[in-house]
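Biologist: I would like to learn how to read burial and contacts from a model. Could we work through one case?

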Amino acid sequence: MKVLKKYDQHRRDCSCDLKCEDCGYEETDKYAYDDRNFWDNVIPNRKCKKCGMSSNELGIKADVVPTRYADYEVV
Ligand SMILES: [Zn+2]
């Protein structure tokens, strides 16, 4: 899933809007977590609820989503 936007952030908890690169299905994840693991590993492996494809399965390299805090920061 491609990250369209990230919002409602409190510490590292946030919401994000996602779009499937394959079929265009869009969904909101209200339990996103703003760290490198989430954007670099979790989201690229997330399967679309409609077509079942993930960015990794499609061979699409995910955009780098900047995090508000570095991973080592305590917030
Ligand atoms: Zn899809």
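**Reading contacts and burial**

Modeller: This is a predicted model. Take contacts first: leaving aside neighbours within four places in sequence, aspartate 71 is in contact with Asp35 and Arg36.

Biologist: Where along the chain is aspartate 71 found?

Modeller: Aspartate 71 lies in the segment after α2, the helix of residues 55-58. Its C-alpha atom is separated by 23 Å from that of asparagine 56, with the two positions 15 residues apart along the chain.

Biologist: Is aspartate 71 buried or exposed?

Modeller: Count the other C-beta atoms within 10 Å; a residue with 12 or fewer is exposed. Aspartate 71 has 9, so it is exposed.

Biologist: How does asparagine 45 read by that count?

Modeller: Asparagine 45 has 12 other C-beta atoms within 10 Å and is therefore exposed. This residue belongs to helix α1, which spans residues 36-45.

Biologist: Which residues does asparagine 45 touch, not counting residues up to four places away in sequence?

Modeller: Ser54 and Asn56. A distance adds to this: asparagine 45 and glutamate 57 are 12 residues apart in sequence, and their C-alpha atoms are 7.8 Å apart in space.

Biologist: Which residues make up the largest nonpolar core?

Modeller: That core has 8 residues: Met1, Val3, Cys16, Cys20, Ala32, Trp39, Ile43 and Cys48.

Biologist: What does cysteine 16 touch, with residues up to four places away in sequence not counted?

Modeller: Cysteine 16 touches Val3 and Ala32, and also Lys5, Lys6 and Asp29. Val3 and Ala32 are listed in the largest nonpolar core, as is Cys16.

Note on methods
Residues are numbered from 1 along each chain as its sequence is written. This is a predicted model: local features need pLDDT of at least 70, side-chain atom pairs count only at pLDDT 80 or more; totals for chains, interfaces and linings use all residues. Helices (H or I, at least four residues) and strands (E, at least two) are DSSP runs, numbered from the N terminus. A residue is buried if 20 or more other C-beta atoms lie within 10 Å of its own, exposed if 12 or fewer, and partly exposed in between; C-beta atoms are placed from the backbone. Two residues are in contact if their C-beta atoms, placed from the backbone, lie within 7 Å. A nonpolar core is a set of buried Ala, Val, Leu, Ile, Met, Phe, Trp, Tyr and Cys residues joined through C-beta atoms within 7 Å.
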